[in-house]
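Please open the model in your viewer and keep the selection panel at hand, since each stop on this tour begins with something to select.

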Amino acid sequence: MSTPVWITATPPATHGELHIGHLAGPYVAADVLTRYLRAEGEAVRFTTGTADHASSVEVRALRHHRKPEEVAEGYRAAITADWLRSGVEFDHIVRPRRDKGYGRWVQDLFARLFAQGVIAPRTRLLPYCEPCDRWLHGAHATGTCPHCGAVSDGGMCHECARPNDGGDLIAARCALCDTPAVARRCRRLYVPLEPFRETLAEYWATAGLPPRLAALCESLVEDGLPDIAVGHPAEWGLPVPVEGFPDHRIDGCFEAAAMHLFGYDVKGPLPRRAIHFCGFGHSFCHAVLLPVLLLAQDIKLPQDFNVNESYVIEEGVQEGNVWALDLLTEYGSDTLRRHVLQARPLGRRTVFHRERLAAARRELDENWNSWLSRLFAAVREECAGLAPQALPGGTGWEILERRLHRGVDDLREAYGPDAFDPRRAVAVLDEMVRSAADFGHVNAHERCRPSTSCRHLPALAAQLAFASALSAWSRPVMPEGADRLAAALQVAPGRPVDWHALTAPLPGTRLAPPSGPVFGF
């Protein structure tokens with residue numbers, strides 16, 4: 001087994017369930033790339049985790065008078081169930097409160113970096129809520145980002161992805177009682193980024209950053225790389241393993257970066273390539289803090305980034321209508337996956353429109369499933385349900401075959417890591433299916449010609465060849481339906497996306513079409 005490609009997706013905070021915007025962000029797209037590479041025979045390790053110690057978990061617990069561990073555990077179970085139902089299959093989901101040795105591993109890394117001088121104490125202003133008698137860090141504080149003017153929590157602005165130190169959050173207020181915060185001096189632990197200026201700049205120059213992420217990194221360098229707080233006075237989270245900070249907890253962003261390393265296990269052989277999927281609002285952790293943790297350990301790793309913008313819920317849509325669980329129950333994983341890939345917010349925000357999700361289901365029903373239904377019915381009526389004793393052919397087959405060969409080249413480019421574009425892959429697959437359906441309609445009339453018997457069988461064999469290929473070519477996008485199609489044709493699932501898949505089942509093979517739709521339901 002060769003050294004694997006390492007694919008990561010942002011660990012979500014366990015303060016709520018996944019909604020469709022999360023699936024439209026890193027998770028389904030990362031799964032598409034993982035499935036494609038595995039079908040190609042590549043070794044892949046696909047990891048994430050759940051950010052159980054995020055400050056937002058504690059805030060939700062305080063609002064609802066619950067224990068933070070109860071909130072984290074409940075939503076962690078819901079999130080992992082949503083991933084499973086949507087066909088997102090990780091090799092390792094780090095569970096901070098369950099994985100054996102995780103807490104000690106993160107604390108040992110923190111202590112080692114402190115001993116090396118990578119982490120150092122600083123005294124800075126931090127918002128404090130007097131009525132709550134609580135330091136306001138992370139989601140405990142709300143105010144205005146000092147960099148872009150957007151509404152922001154303490155620590156990180158999810159609009160511009162730049163960090164703030166809490167004390168420079170404009171008009172900071174307590175997220176729980178909405179009282180204006182008082183700025184107090186607080187001694188905390190920081191990672192000063194300025195000593196990593198040259199190595200980070202070199203790293204970013206070779207990483208092939210998307211333009212908006214490159215602009216963020218360059219502006220950080222131009223403005224002077226900041227010191228990043230990696231510990232806070234708090235009650236929730238992993239205790240800081242450094243003397244002099246008895247009531248401090250490790251920051252959630254530091255822990256998320258460390259979580260990726262734990263999920264891969266940096267003690268083993270390094271991956272030959274790492275590909276990170278994240279929303280822009282979380283990109284600082286992936287593109288800045290994670291590389292610093294690696295560089296501090298003398299680990300240089302080629303890394304690429306697939307960064308999405310926000311998938312905005314349109315005005316008037318109730319929150320209950322966008323939860324991943326509800327939509328997966330109503331539409332199924334095939335429909336939801338192809339929809340979020342088509343609507344994937346790259347370079348700009350996109351807006352969720354429920355009618356476009358319904359249109360994705362209509363596309364599967366009216367084109368994909370209707371063509372397959374006609375094909376299986378024709379094989380049943382004309383060949384007693386057996387693959388015909390004929391080579392692929394029919395009127396227009398040579399033209400269609402050339403188009404399919406060109407199409408699979410487009411698919412391979414769209415699925416591949418260098419030009420990854422799952423939206424293009426969906427469009428190519430739709431075009432292929434429509435072309436195959438047209439071919440089937442044209443050649444169906446061969447059965448009406450009395451001059452030559454069995455003239456229609458080559459066209460059936462040709463369509464079965466494409467159906468066999470479709471079970472391989474569509475699997476990264478819609479694995480559930482693709483595997484149903486492979487089972488119906490008695491062909492192996494998970495084959496490579498190449499032109500060799502364009503082969504009909506062996507003559508005489510008894511087909512086993514499902515009783516319902518192949519793709520979606």
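Begin by selecting histidine 276, and you will find it standing opposite phenylalanine 305 in S14. Bear in mind throughout that what you have on screen is a predicted model.

Now widen the selection to the two strands, S13 (273-279) and S14 (303-308), which run parallel and are joined by 6 bridges. If you switch to a surface view for S14, you should see a strand that is mostly covered, with 5 of its 6 residues buried.

Next, bring in the whole sheet to which these strands belong: it is an open sheet of 5 strands, paired in parallel and ordered S3-S2-S1-S13-S14. At its edges are S3 (92-94) and S14, each of which pairs on one side only, and from one strand to the next the twist averages 20°. Moving to the edge formed by S3, select S2 (residues 44-49) as well, and you will see two parallel strands joined by 3 bridges. Here glycine 49 has valine 94, in S3, as its bridge partner.

Return to the other part of the sheet and select helix H8 (residues 283-295), which lies across S1 (5-9), S13 and S14 and runs at about 145° to S13. Keep H8 displayed and add helix H6 (residues 211-223), which packs with H8 at an angle of about 50°, the two axes being 11 Å apart. Because of that angle, H6 is oblique to H8, and the crossing of the two helices is right-handed.

Which residues of H6 and H8 meet? On the H6 side, select Leu213, Leu216, Cys217 and Leu220, and on the H8 side Ser283, Phe284, Ala287 and Val288. The residues of this contact divide into 7 nonpolar and 1 polar, with no charged residue among them. As you look at the spacing along each helix, it helps to recall that an α-helix has 3.6 residues a turn, so residues three or four places apart point the same way.

For the last stop, select helix H2 (residues 55-63), in which Ser55, Ser56, Val57, Glu58, Val59 and Ala61 are buried. To see what covers these buried residues of H2, add helix H3 (68-85) and strand S5 (134-135), which are included in the cover. Finally, step past the end of H2 to histidine 65, which follows the helix and has a positive phi, near 55°.

Key:
Residues are numbered from 1 along each chain as its sequence is written. This is a predicted model: local features need pLDDT of at least 70, side-chain atom pairs count only at pLDDT 80 or more; totals for chains, interfaces and linings use all residues. Side-chain values use heavy atoms; hydrogens and water are left out. Axes are lines fitted to C-alpha atoms, for helices over the stretch in contact, and angles run from 0 to 180 degrees between N-to-C directions. Helices (H or I, at least four residues) and strands (E, at least two) are DSSP runs, numbered from the N terminus. Angles under 35 degrees count as roughly parallel, over 145 as roughly antiparallel, 65 to 115 as roughly perpendicular and the rest as oblique. A crossing is left-handed if the near helix is turned anticlockwise from the far one by less than a right angle, and right-handed if clockwise. Contact means heavy atoms within 4.5 Å. Ala, Val, Leu, Ile, Met, Phe, Trp, Tyr, Cys and Pro count as nonpolar, Asp, Glu, Lys and Arg as charged, and the others, Gly among them, as polar. Two strands pair if DSSP finds at least two bridges between them. Buried means under 20% relative accessible area, exposed over 50%, partly exposed in between (1.4 Å probe, protein chains only).
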